Amino acid sequence: MPAKTMLTMPKSTDKEVQIRLRLQEGLNMKRSCKLLSTLAKEDFGKFFESFDTVLTDCDGVLWMGENEVIDSANITLNKLQELGKKVFYVTNNSTKSRDDYVTKCARLGFKADKESIIGTSYLAASYLKNIEFNKKVYVIGSEGITKELDAVGISHSGIGRDVMSDTVVDHLKSGNFTLDPDVGAVIVGFDQHFSYPKMMKAASYLYNKDTLFIATNTDEQFPSSDFGVVIPGTGSIVAAVQTCSAREPIVMGKPNPTIKDVIAKTHNLDPARTLMIGDRCNTDILLGTRCGFATLLVLTGVTQIHEVREWEKSEDAELQKLVPDFYLDKLSDLLDLLP
Ligand SMILES: [Mg+2]
């Protein structure tokens, strides 16, 4: 979506967003990504006035890991709020509940309340609550998920260590492998204790086609680590369970556009007046494109600008959807541009 089109766009319905995307594809209109700081002052002013809601990813945009704020991302985001923008923290990370994120935001200097946090653990629990799910959940994940299930009164099992015996046969004979007949859903999120027995349990529950299969997200890796190694993300665990169960999960996190509907329940969200900020194009930016939001990529996480330049040239409509409207080297570069 060219920036100029976005600036004058009237309030869009879901249907209009889809029609516009199809039109762009049909006309083979290529998207292009501009460095936001190169806009003329007047054009930046128009851009800044064009949105009143900001959805921002967290890992790789605001912080790295538990304690490291990326440059002055906290000051930047707080300034946006002081200037009247409503900010939502939209994270695919399932390791924390909304309460945990409020605590983390406060510790790292980001202004946030519980309603402004949209995490995948919360989305998964809300989904089950909305469908009046009344069985038990087998969780491959962590307390981030179980706290949100507790909050909506859904019982669960599975988190923590589930260690393999010497062989599968030994394990099955050991009495440590039992299936709970009350389980009616499997949620897969990030689990540092993911193991072969957990995979066997998930596959066995999902063998029953009535058992729901929910994945928090499909991110391949975490943005980076201090240890110079790749830290596999939830997507790798989901893929393992997908393969052994031969089932497709319902994915809660970005780029699933139903996140927009969850936010719209408490906030008057107009897609044409919403900005999505992220560091990963196949989740954050794709969510923005699908929902008709303006999009801003920051280069402090996963996606690199040379990848964007390749997608810009591509004839593939799906790759074109990954191209953000704007990019910045880091979020705090906004500080120099803000009024
Ligand atoms: Mg990220």
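**Close-ups of a two-domain predicted model**

**View 1. Two domains share the chain.** The protein chain splits into domain 1 (3-92 + 255-336) and domain 2 (132-251). Keep in mind that this is a predicted model. Measure from one C-alpha centre to the other and you get 31 Å between domain 1 and domain 2. Where they meet, nine residues of domain 1 are in contact with seven residues of domain 2.

**View 2. A seven-stranded open sheet.** Reading across this sheet, the order is β1-β14-β13-β12-β2-β5-β6, and the pairing is parallel. At the edges sit β1 (34-35) and β6 (117-119), each with pairing on one side only. Zoom in on β13 (residues 294-298) and β14 (residues 326-328): three bridges hold this parallel pair. Look for Leu297 here, whose bridge partner in β14 is Tyr327.

**View 3. A five-stranded open sheet.** This one runs β8-β7-β9-β10-β11, again with parallel pairing. Its edge strands, β8 (156-157) and β11 (250-251), each pair on one side only. As a general reminder, strands of a sheet pair through backbone hydrogen bonds, either parallel or antiparallel. Helix α7 (residues 143-151) lies across β7 (136-140), β8 and β9, and makes an angle of about 165° with β7.

**View 4. Strand β10 and its two partners.** On one side, β10 (residues 212-215) runs parallel to β9 (residues 183-188), and four bridges join the two. Ile187 faces Ile214 of β10 across that pairing. On the other side, β10 pairs with β11 over two bridges, also in the parallel sense. There, Ala215 stands opposite Val251 of β11. Which way do the side chains of β10 point? Leu212 and Ile214 go one way, Phe213 and Ala215 go the other, and all of them are buried. Add helix α9 (residues 196-206) to the picture and you have a right-handed β-α-β unit made of β9, α9 and β10.

**View 5. The largest nonpolar core, with Val186 in focus.** This core has 78 residues, and those with the most contacts inside it are Ile118, Val186, Ile187, Val188, Ala202 and Ile214. Domain 1 (3-92 + 255-336) and domain 2 (132-251) both contribute residues, so the core lies between them. That goes with a general habit: in soluble globular proteins, nonpolar side chains tend to be buried together. What does Val186 touch, leaving aside neighbours within four places in sequence? Val186 is in contact with Tyr138, Ala202, Tyr205, Leu206, Thr211, Phe213 and Ile214.

**View 6. Asn256, a loop residue.** Find Asn256 in the loop between β11 and α11 (258-264). Is this residue buried or exposed? Asn256 counts as buried, because 21 C-beta neighbours fall inside 10 Å, and the cut-off for buried is 20 or more. For a sense of scale, take Glu148 as well: Asn256 and Glu148 are 108 residues apart in sequence, and their C-alpha atoms are 20 Å apart in space.

Note on methods:
Residues numbered from 1 in each chain as written. Predicted model: local features only at pLDDT ≥ 70, side-chain atom pairs only at ≥ 80, totals over all residues. Pairing = 2+ DSSP bridges. Contact = placed C-beta atoms within 7 Å. Axes fitted to C-alpha atoms, helices over the stretch in contact; angles between N-to-C directions. Buried ≥ 20, exposed ≤ 12 C-beta atoms within 10 Å, placed from the backbone. Right-handed = clockwise from strand over helix to strand, strands pointing away. Core = buried A, V, L, I, M, F, W, Y, C linked by C-beta atoms within 7 Å. Domains from an automatic or database assignment.
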